[in-house]
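Trainee: Please walk me through this one feature by feature. Give me the general idea, then the case at hand.

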Amino acid sequence: MSDTASHALLRILHANGVDRVFLVPGESYLGILDALVDFPGIDVVTCRHESGAGYMAVADGRLTGRPGVVLVSRGPGMSNAAIAVHTAQQDAVPLIVIVGQIPRKDLRREAFQEIDYQKMFGDVAKWVFEPTEPDQLAEAAFKAVRIATTGTPGPVVLAIPEDIQQQPTAQPTWRVAPHAPLRPDDDTLARLAQALRRAERPLLIAGGALEHDGGREALRELAQRWQVPVALSFRRHDVFPVTHPLYVGELGLANPAAQIAAFDEADFILALGTRLGDVPTQGYAFPALPRPRQTLAHCYPDPHIVGLNHAADYGLVCSPAELARALAAIAPETMAETTTEAITETSTETITETAPAARLAWARRLRAIQEAHAAWPQRTPADGVDFTAVVRSVARHAPADVAVCLDAGTFAAPVYRHFPFVYPQRLMAPIDGAMGYGVPAAVATALRRGGAKTVCMVGDGGFLMTGNEMITAVDRRLPILFIVSNNHAYASIRIHQERHYPGRVSGTTLTNPDFVALAAAFGLPARRITREAEIEDAVVAGLAAEGPAFIEVSTSLQCVL
């Protein structure tokens with residue numbers, strides 16, 4: 001193996017678990033492309049557009065907890081990839097973007113395709129670095145891994161001039177040692193447990209920091225031992241079983257007013273692994289700013305986040321999973337008396353609830369509100385298929401380890417509201433609401449999960465923002481069922497348009513190609529659903545396909561307006 005600066009960069013990444021990179025090739029990083037030949041343990045996924053490559057890396061980073069890595073060329077290439085940097089920051093996903101930069105001698109002369117990436121990404125990325133010597137590449141990669149994965153995970157940008165990639169350098173194999181997980185001291189833990197014991201109406205808000213390190217298991221143990229109802233942060237449905245009697249809803253974009261009003265009656269809130277951003281807090285209204293009415297315990301492994309907006313009675317800068325395990329271990333043995341069943345189309349789950357009467361009644365009340373909200377509707381629109389019926393069919397037939405990858409749009413609303421996620425089922429959806437995420441995320445998800453089935457749901461608007469990544473699914477025979485909801489509109493924006501300017505439609509109507517013919521041209525078996533009676537056969541066949549398959553649904557616009 002050679003010993004260039006590019007090899008040193010890749011050797012550090014590989015030593016720290018990077019086994020796949022996504023890229024659009026460019027002449028500004030030919031040295032790194034050449035070095036990749038010498039790393040057969042790094043799978044190179046060649047993409048057709050930098051936004052898709054970036055989304056793939058974001059999805060990969062979310063699944064593994066290791067940095068997703070995307071390589072792009074300077075200027076236009078990095079500009080196309082910028083959406084991935086923003087998505088990783090909003091979604092708290094570790095990401096390393098490596099961009100080939102112009103030669104050192106031309107820096108800051110406004111040369112061809114030059115961008116100052118510190119200025120471009122200084123407010124979005126966790127770290128932006130532009131090495132100027134070949135010996136700096138290994139250290140830069142090492143620091144990039146460490147920064148991307150600690151505290152609040154997020155994006156790092158390395159801009160590497162094209163003339164420092166080929167020189168001989170030392171070849172270290174430094175490995176990032178994960179920080180020891182912190183937990184509160186015994187006195188703080190005892191006071192927190194006492195406050196939780198006194199609460200009659202506690203509520204646990206669980207977020208994405210519980211996706212790794214046994215967080216899901218620790219959360220479930222904590223909720224059951226203390227009999228605390230669990231609300232999930234925005235689009236984190238696979239952190240706690242939706243079918244569980246203690247699951248009481250997602251804090252998202254369309255909660256019923258009665259549900260939020262009920263949540264606000266809580267007397268104790270344990271915010272565990274969530275940043276308490278504007279969406280889960282309903283525009284910072286629940287819990288209220290700056291001092292919540294409830295006793296608030298906020299746990300997140302980043303001192304910048306804890307107390308950022310909400311003044312917590314217990315500000316806990318530590319591992320959410322460790323705190324959950326510690327609290328579960330000291331739960332009272334006398335939380336009392338009955339049994340509850342949660343029954344859905346897909347599961348029946350029984351637990352023994354041991355809780356004081358007031359807490360038991362509280363949990364049951366919140367669960368009843370959620371079950372009413374999540375009930376599947378029955379509609380027969382005149383202008384197309386109700387996409388909710390397609391989601392219901394997928395939920396009925398999907399395997400227990402399915403990953404559901406969603407783009408942004410109104411088609412996704414029934415998934416968030418009704419789909420009964422139970423881990424190891426995964427929900428892969430962009431927290432930042434980025435359109436174009438669905439198809440590339442599905443490809444990255446299927447690559448990472450072996451033969452497990454992936455279902456990608458995307459609207460006609462978002463599908464044509466990326467979509468070309470389907471060719472990778474064909475090339476690698478990935479088991480992905482692509483489902484495109486086609487209502488010939490940017491429907492999310494149309495909803496707002498009709499609400500604020502009724503009957504004055506502008507800029508939200510779409511003219512679409514024949515999506516079935518397009519998918520067939522890519523080499524996918526494809527079919528179109530135009531009537532509800534066709535849903536079951538199409539979904540069952542698509543889920544049974546060994547490789548990729550495609551369904552277009554002629555969807556009702558009336559149902560979402």
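Mentor: Let's begin in a loop: glutamine 113 lies between S4 and helix H5 (117-121). Helices (H or I, at least four residues) and strands (E, at least two) are DSSP runs, numbered from the N terminus. This is a predicted model, so local features need pLDDT of at least 70 and side-chain atom pairs count only at pLDDT 80 or more, while totals for chains, interfaces and linings use all residues. Residues are numbered from 1 along each chain as its sequence is written, and side-chain values use heavy atoms, with hydrogens and water left out.

Trainee: What is the phi of glutamine 113?

Mentor: The general idea is that most residues other than glycine have a negative phi, and most peptide bonds are trans. Glutamine 113 isn't a glycine, yet its phi is positive, about 65°.

Trainee: And which peptide bonds are cis?

Mentor: One runs from leucine 289 to proline 290, with omega near -15°. Proline 290 sits in the loop between S10 and S11. Another cis bond joins tyrosine 423 and proline 424, with omega about 20°; you'll find proline 424 in the loop between helix H13 (413-418) and strand S16 (426-428).

Trainee: On to sheets. What is the order of the strands in the sheet with S1?

Mentor: In general, strands of a sheet pair through backbone hydrogen bonds, either parallel or antiparallel. Two strands count as paired here if DSSP finds at least two bridges between them. The sheet with S1 is open, has six strands in the order S2-S1-S3-S4-S6-S5, and pairs in parallel. Its edges are strand S2 (43-46) and strand S5 (127-129), each pairing on one side only. From one strand to the next, the twist averages 20°.

Trainee: How many bridges join S1 to S3?

Mentor: Two, between strand S1 (residues 20-23) and strand S3 (residues 68-72), which run parallel. Phenylalanine 22 stands opposite valine 70 in S3.

Trainee: Which strands does helix H4 lie across?

Mentor: For angles, axes are lines fitted to C-alpha atoms (for helices, over the stretch in contact), and the values run from 0 to 180 degrees between N-to-C directions. Helix H4 (residues 76-91) lies across S3, strand S4 (95-101) and strand S6 (155-161), at about 160° to S4. Helix H6 (residues 136-149) lies across S4, S5 and S6, running at about 170° to S6.

Trainee: What order do the strands take in the sheet with S9?

Mentor: That open sheet of six parallel-paired strands reads S9-S8-S7-S10-S11-S12. Strand S9 (247-250) and strand S12 (314-316) are the edges, each paired on one side only. The twist averages 15° between successive strands. Helix H10 (residues 320-329) packs on this sheet, touching strand S10 (268-272), S11 and S12 (contact means heavy atoms within 4.5 Å), and its direction makes about 135° with that of S10.

Trainee: Now helix pairs. At what angle do H8 and H10 pack?

Mentor: Angles under 35 degrees count as roughly parallel, over 145 as roughly antiparallel, 65 to 115 as roughly perpendicular and the rest as oblique. Helix H8 (residues 215-226) and H10 pack at about 30°, with axes 8 Å apart, so they are roughly parallel to each other.

Trainee: Which hand does the crossing of H8 and H10 have, left or right?

Mentor: A crossing is left-handed if the near helix is turned anticlockwise from the far one by less than a right angle, and right-handed if clockwise. H8 passes H10 in a left-handed crossing. The contact includes Leu219, Leu222 and Trp226 of H8 and Ala324 and Leu327 of H10. By class, that's eight nonpolar, one polar and three charged residues. Ala, Val, Leu, Ile, Met, Phe, Trp, Tyr, Cys and Pro count as nonpolar, Asp, Glu, Lys and Arg as charged, and the others, Gly among them, as polar.

Trainee: At what angle do H3 and H14 cross?

Mentor: Roughly 45°: the axes of helix H3 (residues 50-64) and helix H14 (residues 438-448) come within 8 Å. That makes H3 oblique to H14. Their crossing is right-handed. Among the contact residues are Tyr55 and Met56 of H3, plus Pro440 and Val443 of H14. This contact has eight nonpolar, three polar and two charged residues.

Trainee: Last one: which residues does UniProt list for the "Thiamine pyrophosphate enzyme N-terminal TPP-binding" domain?

Mentor: The unreviewed UniProt entry gives residues 4-120 for it. UniProt positions use the numbering here, feature names are shortened, and annotations may be inferred rather than shown by experiment. In the model, residues 4-120 are 45% helix and 17% strand, with end C-alpha atoms 29 Å apart.

Definitions and conventions
Contact = heavy atoms within 4.5 Å.
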